[in-house]
Amino acid sequence: MNDKDDMLRELYQEVIFDHNRSPRNYRPMPGANRHADGHNPLCGDQLTVYLQVSDGIVHDASFVGHGCAISTASASLMTEAIKGRPLAEVEALFRDFHALLTAARDEPGPQRDFGKLAALAGVREFPARVKCATLAWHTLHNALTGEASTAHTE
Amino acid sequence: MNMHTLQSAPATRPALLQRAADFPILSRPVHGKRLAYLDNGATTQKPDAVIEAERDFYRHSNANIHRGVHWLSQHATELYDAARTSVQGLLNAASADEIVFTRGTTEAINLVAQSWGRPRLTVGDEILVTHMEHHSNIVPWQLLCEQTGAVLKVVPVEINGELDMLAFDGLLGERTRLVAITHVSNALGTVLPVAELTAKAHTAGAVVLVDGAQAVAHTTVDVQAIGCDFYAFSGHKLYGPTGIGALYGRRALLDAMPPWQGGGDMIRTVAFEHTTFAPSPQRFEAGTPNIAGAVGLGAAIEYVRGIGLERIAAHEHALLEQATAALADIRGLRLVGTAANKAGILSFLVDGIHPHDLGTILDSEGVAIRAGHHCAMPLMTRLGIPGTARASFALYNSPADIDALVAAIHKAQRMFGTRGA
């Protein structure tokens, strides 16, 4: 056992394994009115995020694709976290979650209750893996803003 | 010991090298663990001999080359030229003038594409590559095709990682102007029969470029025996510094090629009306080159030649056999690339664990591997996988590194709950 093993346990928490083995909302959505593709060329992770948005509310969210445990679990947790939320809250969550993962070590990071998403905070200690955890979120952002057809993290 | 003795006594393994002590970085722990550096396909570590050569150059010999009348400039020029002679010896080129220093393999291939290819190729001409090329032996040709109207043709790869030789014969035709092939696949370790492929290409009237990035540190290379027209490699995969590599080009071809970058050191005379160029290889080395890097590369070449590339190859082959057997014993592990003739590269997949996750967990045990597509995305697509985990060996690796690799894979399987009974 060493510090690295502690960090590794922080990274690979049971909730991550659970969502990797059984991703939630893992399905295409024929009735989606927003969708975007995400791609991490570095590791080959690829996913599509589907949204059903009306009256400023994300009524439904799903994804399909393939990736590592971190990216799959992050996408799965994300769909759970944003379903039923107003767009403004979803955008705020995207910003806060991104800040949580990219905050410098000596910074406290955003103060909010991340719920199950807090399980992904351990990624902070693994700079090479931050892109894995944020891929789904960048893709979500693109689906909402229509900025680009494919989100890239590399 | 001759080969016959080895073959008749299979219990006798070739003597493993004990040279890790030459590489200072290998004694540093990573995450409190002994470093098992198995990412040599990406870059190799540097022996003291190379580190000291670069340091000595800056402390005792630094000056610009080819232009100073002062002693130090002449001294630096001599060291730079000696490095070129070392490269000539490594590749068994007929002349040191056939060696052009570049930043590495990528720049060497781009040089050939732009200087040899661009003025010569035209609409409908064909460039033949294999499906297992590194992006650096694909993209320069794609750019060249866009510039000239030439067409890129791809020789398919068998599922075990061997080249489809019949398809090669079929694709080679009278429009084939250039065949660009890797010597050793960086993703799978497959060793291609480059001499045979070159002979066939020459019969068809094509020029041949061999990408030797993954070969030079692991096998003897003789460009005259291969017969190829161009051979490219990087110093940093040969225990040398980054930012230095070389292109071998047959003299007649180099002499007929225009410069591809203009500047100082590549000219004979400059006037606004007309500029004349230096002969090769200077013609292709515009601007002040990476002099210290070349000196470091020369030191790296003398280091490996001092050990002997045959011994290094035997050492790595023994490690490859041990590692192949050890990994094949791991339940849920699948080797990717099982060609009969392989260099020291092992690509693999573990059921239920993405290569990227595997890389992170192995790292926590001090085991450094590569995870991903290895800059060979077309090959990964062909194999129907997003990427692999890759362990690649060098002369300083030992059976202890393989033990660490196996133990770390077991740890990953325990963490992911995927370890078979």
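**Helix 11, the core and the chain contact**

In this predicted model, the buried residues of helix 11 of chain B are covered by elements that include helix 10 (291–307), strand 12 (345–350), strand 15 (388–392) and helix 14 (399–416) of chain B. The residues buried in this way are Ile312(B), His315(B), Glu316(B), Leu319(B), Leu320(B) and Ala323(B). They lie on the same side of helix 11 of chain B, because their arc around the axis is only 140 degrees. On the face turned away from that buried side sit the exposed residues Glu310(B), Ala325(B) and Ala328(B). The length of the helix fits too: at 1.5 Å a residue, the 20 residues of helix 11 (residues 309–328) of chain B should span 28 Å, and the end C-alpha atoms are indeed 28 Å apart.

Turning to the interior, the largest nonpolar core has 160 residues, among which Leu209(B) and Val295(B) touch the most other members. Helix 10 of chain B gives this core its largest share, 10 residues. Because domain 1 (3–43 + 309–416) and domain 2 (50–306) of chain B both contribute residues, the core lies between them. Leaving aside residues up to four places away in sequence, Leu209(B) touches Ile109(B), Val112(B), Leu178(B), Ala180(B), Cys228(B), Asp229(B), Phe230(B) and Ala232(B).

Finally, the two chains meet through 16 residues from chain B and 16 residues from chain A. On the side of chain B that touches chain A, helix 12 (355–364), strand 14 (370–372) and helix 14 each supply at least two residues. Helix 12 of chain B provides the largest share of that side, five residues. By class, this side of chain B comprises six nonpolar, nine polar and one charged residues.

Conventions. Residues are numbered from 1 along each chain as its sequence is written. Chains are lettered from A and ligands numbered from 1 in the order in which they are written. This is a predicted model: local features need pLDDT of at least 70, side-chain atom pairs count only at pLDDT 80 or more; totals for chains, interfaces and linings use all residues. Helices (H or I, at least four residues) and strands (E, at least two) are DSSP runs, numbered from the N terminus. The expected span of a helix is 1.5 Å times one less than its number of residues. A residue is buried if 20 or more other C-beta atoms lie within 10 Å of its own, exposed if 12 or fewer, and partly exposed in between; C-beta atoms are placed from the backbone. The arc is that of the directions from the helix axis to the C-beta atoms. Two residues are in contact if their C-beta atoms, placed from the backbone, lie within 7 Å. A nonpolar core is a set of buried Ala, Val, Leu, Ile, Met, Phe, Trp, Tyr and Cys residues joined through C-beta atoms within 7 Å. Domain bounds come from an automatic or database domain assignment. Ala, Val, Leu, Ile, Met, Phe, Trp, Tyr, Cys and Pro count as nonpolar, Asp, Glu, Lys and Arg as charged, and the others, Gly among them, as polar.
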